[in-house]
Amino acid sequence: PLPAILGLTPLMIFGFERHRRLRQPLYLLIPAACLALQIYLGYVPAWVVSGGVLIIYGLARLAPSLWARQYVDVLRQTGAYAAAAGLGLLLGAYSLVPSVSSALASDYQVGREPGLGSVPLQNWVTYLFPSYWGNPRVPIWFGPGGNYPEWIAYFGVSAVPLALIGLWRLRRSWAAWFAVVVLLFALSQVYGFPPLKSLAHLPGLRQTVAARWNYGVPLAVSILASLGVASLLEGDIPLRPRRLLASAIATALVLAALAV
């Protein structure tokens with residue numbers, strides 16, 4: 001249920017975006033149906049991660065309107081989110097009560113300490129050099145970082161250079177800011193970076209295994225990589241920033257090689 005629930009999250013964002021652009025209420029059925037399916041799958045840690053990403057999305061979408069004091073637009077967007085959530089809860093209500101009661105009664109992961117020790121930093125090289133941890137064809141448990149196929153799924157190393165180019169869109173794209181915030185929040189929960197690491201003690205977050213938040217890394221990278229491709233195709237990066245981005249990519253690759 002974990003990959004299934006998390007895999008529905010981008011589809012929910014797609015439904016909200018189509019509704020925002022076309023003003024068609026039927027598009028809210030997409031996130032509502034996804035939410036109902038997530039409830040049916042009944043895996044609480046995945047709910048927490050997906051919910052955290054969607055909260056960041058909502059804040060990133062509302063921030064420009066709040067800054068411009070467009071309160072009517074804020075109310076319209078908030079109403080759309082609330083309507084989709086309400087409909088999704090209604091569709092999934094038959095399976096919601098047992099899941100919530102089970103989650104409230106659980107003491108799973110209550111005693112864990114968030115921080116750098118949650119996931120060893122060595123695991124970051126697993127997806128580049130599988131032999132570092134052993135034969136990837138044999139299912140081996142590598143501790144809190146998961147197994148080799150999981151790390152292949154968590155990170156797409158070929159998208160990282162494109163994601164760095166996608167940072168150029170920070171000057172005029174809400175999606176770039178959304179991706180950066182998701183990335184920073186995910187890393188803060190996995191490795192205990194301040195100040196967001198203190199949120200790991202909140203109910204729900206403290207019952208979630210730290211490595212689950214690694215989902216935010218490939219999600220953010222994929223969004224930024226898409227924006228990077230768009231920037232390259234549209235040719236909207238001037239020469240000087242293009243050289244700076246090329247230098248940043250080269251430096252990142254050299255440092256990664258040295259670290260390995």
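The questions below concern helix packing and salt bridges in a predicted model.

Student: Are helices α4 and α5 roughly parallel or roughly antiparallel where they pack?
Tutor: Helix α4 covers residues 44–67 and helix α5 covers residues 71–91, and the two pack with their axes 8 Å apart at an angle of about 160°. Angles over 145 degrees count as roughly antiparallel. Therefore α4 is, with respect to α5, roughly antiparallel.

Student: Which residues of α5 make the contact with α4?
Tutor: From α4, the contact is made by Tyr57, Gly58, Arg61, Leu62, Ser65 and Leu66. By class, the residues in this contact are 6 nonpolar, 4 polar and 2 charged. On the side of α5, the residues are Tyr71, Asp73, Val74, Gln77, Thr78 and Tyr81.

Student: Which residue forms a salt bridge with Arg61?
Tutor: Arg61 lies in helix α4, and the pair links distant parts of the chain, with its two residues 44 residues apart and the other one in helix α2 (residues 9–22). Both residues of the pair are buried. The N to O distance is 2.8 Å, and the partner of Arg61 is Glu17.

Student: Is Asp73, which pairs with Arg76, buried or exposed?
Tutor: Asp73 and Arg76 both lie in helix α5, about one turn of the helix apart, and their closest N and O atoms are 3.3 Å apart. Arg76 has 39% relative accessibility and so counts as partly exposed. Buried means under 20% relative accessible area. Because the relative accessibility of Asp73 is 11%, Asp73 counts as buried.

Methods: Residues are numbered from 1 along each chain as its sequence is written. This is a predicted model: local features need pLDDT of at least 70, side-chain atom pairs count only at pLDDT 80 or more; totals for chains, interfaces and linings use all residues. Side-chain values use heavy atoms; hydrogens and water are left out. Axes are lines fitted to C-alpha atoms, for helices over the stretch in contact, and angles run from 0 to 180 degrees between N-to-C directions. Helices (H or I, at least four residues) and strands (E, at least two) are DSSP runs, numbered from the N terminus. Angles under 35 degrees count as roughly parallel, over 145 as roughly antiparallel, 65 to 115 as roughly perpendicular and the rest as oblique. Contact means heavy atoms within 4.5 Å. Ala, Val, Leu, Ile, Met, Phe, Trp, Tyr, Cys and Pro count as nonpolar, Asp, Glu, Lys and Arg as charged, and the others, Gly among them, as polar. A salt bridge is a side-chain nitrogen of Lys or Arg within 4 Å of a carboxyl oxygen of Asp or Glu. Buried means under 20% relative accessible area, exposed over 50%, partly exposed in between (1.4 Å probe, protein chains only).
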